[in-house]
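Please open the structure in your viewer and keep the sequence panel visible beside it. This tour proposes a series of selections and explains what is found at each.

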Amino acid sequence: MYRILRTDKAEDQLREAIFYIAEDSGNVDVALAYLSKIESAINRLQGFPKSGSLPRYSILKKQGYRVLVVERHLVFYKINEGDKLVVIYAIIDGRREYLNLI
């Protein structure tokens, strides 16, 4: 079982996304349901850290990132095998150009 650690940046990005969804939809329940989907996907990494795919940009692949697709968001993370740790670095809307956001 791996531990999950999120960077402050990833936490901020997730918070911004959920606030945006709540405002855009006008429905807090919609935003909370979306948050639950993202949280569940991240928590599954505890047992299946390699379930995310390799990113399309070779620079990110070379840096050891993996990406988990959760509806329209991309969760970028790295696996630290020695410490049995998954570090979440970024949670970004996949419709945006994300290379410079990680």
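In what order do the elements of the chain run from the N terminus on? Colour the model, which is a predicted one, by secondary structure and follow the chain: the order is β-α-α-α-β-β-β. In total, the chain holds three helices and four strands.

**The whole chain**

Begin with everything selected. The C-alpha atoms occupy a box of roughly 45 × 30 × 20 Å along the principal axes. For 102 residues, a compact globule would have a radius of gyration near 13 Å, and the chain agrees with this because its own value is 13 Å. Of the 102 residues, 36% count as buried. The chain exposes about 6200 Å², of which carbon and sulfur atoms supply 51%. Consider also how the chain meets itself: among contacts between residues at least 6 apart in sequence, 51% join residues at least 24 apart.

**Helix α1**

Next, select residues 8-25, which form α1. This helix has 18 residues, and from its first C-alpha to its last it reaches 26 Å, close to the 26 Å expected at 1.5 Å a residue. Now show the side chains of A10, Q13, L14, A17, I18, I21 and A22, which are buried in α1. Why do they count as lying on the same side of α1? The reason is that they cover an arc of only 165 degrees around the axis. A general rule helps in reading such a pattern: an α-helix has 3.6 residues a turn, so residues three or four places apart point the same way.

Turn the helix to its other side, where D8, E16, F19 and E23 are exposed. To see what covers the buried residues, display the elements around the helix; the cover includes β1, α2, β3 and β4. Before leaving, select G26, just after α1, which takes a positive phi of about 70 degrees.

**Helix α2**

Continue to residues 28-44, the helix α2. What distance separates its end C-alpha atoms? They are 24 Å apart, and this agrees with expectation because 17 residues at 1.5 Å a residue should span 24 Å. At the start of α2, select N27 and D29: a side-chain oxygen of N27 reaches to within 2.8 Å of the backbone nitrogen of D29.

Then show A31, Y34, I38, A41 and I42, the buried residues in α2. They cover an arc of only 100 degrees around the axis, and therefore they lie on the same side of α2. On the other side of α2, V28, D29 and R44 are exposed. Add the partners of the buried residues to the view: these residues pack against β1 (3-6), α1 (8-25), β2 (66-70), β3 (73-80) and β4 (85-93).

**H73, a residue in a strand**

Select H73, whose place is in strand β3. Is H73 buried or exposed? H73 counts as buried because its relative accessibility is 5%. Show the side chain of Y34 as well; a polar contact of 2.7 Å joins it to the side chain of H73. Leaving aside neighbours within four places in sequence, H73 is also in contact with other residues, including A17, I38, L68 and I91.

**Two loops with positive phi**

Most residues other than glycine have a negative phi. With this in mind, select E71, in the loop between β2 and β3. Its phi is near 50 degrees, a positive value in a residue other than glycine. E71 is partly exposed, with a relative accessible area of 48%.

Move on to K84, in the loop between β3 and β4. K84 is not a glycine, yet it has a positive phi of about 50 degrees. K84 is partly exposed, at a relative accessible area of 41%.

**I102, after the strands**

Finally, select I102, in the segment after β4. I102 is partly exposed, with a relative accessible area of 24%. Which residues does I102 touch, not counting those up to four places away in sequence? They are K9, L60, Y65, F76, A90 and I92. To finish, draw a distance between the C-alpha atoms of I102 and I38: these residues are 64 residues apart along the chain, and the atoms are separated by 18 Å.

Key:
Residues are numbered from 1 along each chain as its sequence is written. This is a predicted model: local features need pLDDT of at least 70, side-chain atom pairs count only at pLDDT 80 or more; totals for chains, interfaces and linings use all residues. Side-chain values use heavy atoms; hydrogens and water are left out. The expected span of a helix is 1.5 Å times one less than its number of residues. Buried means under 20% relative accessible area, exposed over 50%, partly exposed in between (1.4 Å probe, protein chains only). The arc is that of the directions from the helix axis to the C-beta atoms. Contact means heavy atoms within 4.5 Å. A polar contact is a pair of N or O atoms within 3.5 Å; within protein, one must be able to donate a hydrogen and the other to accept it, and residues adjacent in sequence count only if both atoms are side-chain atoms. The radius of gyration is taken over C-alpha atoms; the globule rule is 2.2 Å times the number of residues to the power 0.38. Accessible areas come from the Shrake-Rupley method with a 1.4 Å probe; for residues, only the protein chains shown count as cover.
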